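Dear colleague,

I am passing on the structure we spoke about, with the sequence alongside. Please look it over first; my notes follow below.

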Amino acid sequence: KKKHEFSVLLTNNKKMKSLNLKFRKKNKPTDVLSFPSHHIEKKNVYIGDIAISFEIVNQRSKKSNFFLELDKMWIHGYFHLIGYDHKKKTDFKKMNKKENLVLNYFHEAI
């Protein structure tokens, strides 16, 4: 088994808007972006990068919890890195179910 490795950039809406425009041609900030990579090393697989808007996470956390909202974002980004998408409603449901399993694992363990 290989270990998945990835990086997380926690940044502001200005940077997220810039990244979203550059890579997705959408001129607005977004909550999370994923940049897959397949750099393979002996025991590890670098699967890519995740950028998360601190401002959006912080805003959403006013109604819940900052760490819960942050975990939702990196988990969502992680599933994109390993090949999931949500272009179709059925794909959204499948991805969302798996994300919730992981999120519940982390938040029930606390």
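Which residues does W74 touch, not counting residues up to four places away in sequence? Before the reply, please bear in mind that this is a predicted model. With those sequence neighbours set aside, W74 touches F6, I50, I52 and F106. The residue has its place in helix 3, and it counts as buried because its relative accessible area is 19%, where the cut-off for buried is under 20%. Between the C-alpha atoms of W74 and Y105 the distance is 14 Å, while 31 residues separate the two in sequence.

Helix 4 comes next. This helix runs over residues 89-108, and its 20 residues should span 28 Å at 1.5 Å a residue, which agrees with the 28 Å that lies between its end C-alpha atoms. Its buried residues are M95, E99 and L103. They lie on the same side of helix 4, because the arc they cover around the axis is only 70°. Helix 3, residues 66-81, is included in what covers these buried residues, whereas the face of helix 4 that is turned away from the buried side carries the exposed residues T90, K93, K97, L101, Y105 and E108.

As for the pockets, the largest one has a volume of about 470 Å³. It is lined by 16 residues, of which R24, V32, L33, H80 and H86 are the closest to its centre. At least two residues of this lining are supplied by each of helix 1 (13-24), strand 2 (32-40) and helix 3, and strand 2 gives the largest share, with 5 residues. Sorted by class, the lining consists of 7 nonpolar, 5 polar and 4 charged residues.

One further residue that I looked at is E55, which lies in helix 2, residues 54-61. Its relative accessibility is 38%, so E55 counts as partly exposed, a term that covers values between the 20% and 50% cut-offs. Once its neighbours within four places in sequence are left aside, E55 is in contact with T11, N12, N13 and K14. E55 and K72 stand 17 residues apart in sequence, and their C-alpha atoms are 14 Å apart in space.

With best regards

How values were computed
Residues are numbered from 1 along each chain as its sequence is written. This is a predicted model: local features need pLDDT of at least 70, side-chain atom pairs count only at pLDDT 80 or more; totals for chains, interfaces and linings use all residues. Side-chain values use heavy atoms; hydrogens and water are left out. Helices (H or I, at least four residues) and strands (E, at least two) are DSSP runs, numbered from the N terminus. The expected span of a helix is 1.5 Å times one less than its number of residues. Buried means under 20% relative accessible area, exposed over 50%, partly exposed in between (1.4 Å probe, protein chains only). The arc is that of the directions from the helix axis to the C-beta atoms. Contact means heavy atoms within 4.5 Å. On a 1 Å grid over the protein atoms alone, a cavity is a set of points where a 1.4 Å probe fits but cannot get out, and a pocket is an open set with protein on both sides within 12 Å along at least five of seven lines; lining residues have an atom within 4 Å of a point. Grid points are joined across faces, edges and corners, and a volume is the space filled by probe spheres set on the points. Ala, Val, Leu, Ile, Met, Phe, Trp, Tyr, Cys and Pro count as nonpolar, Asp, Glu, Lys and Arg as charged, and the others, Gly among them, as polar.
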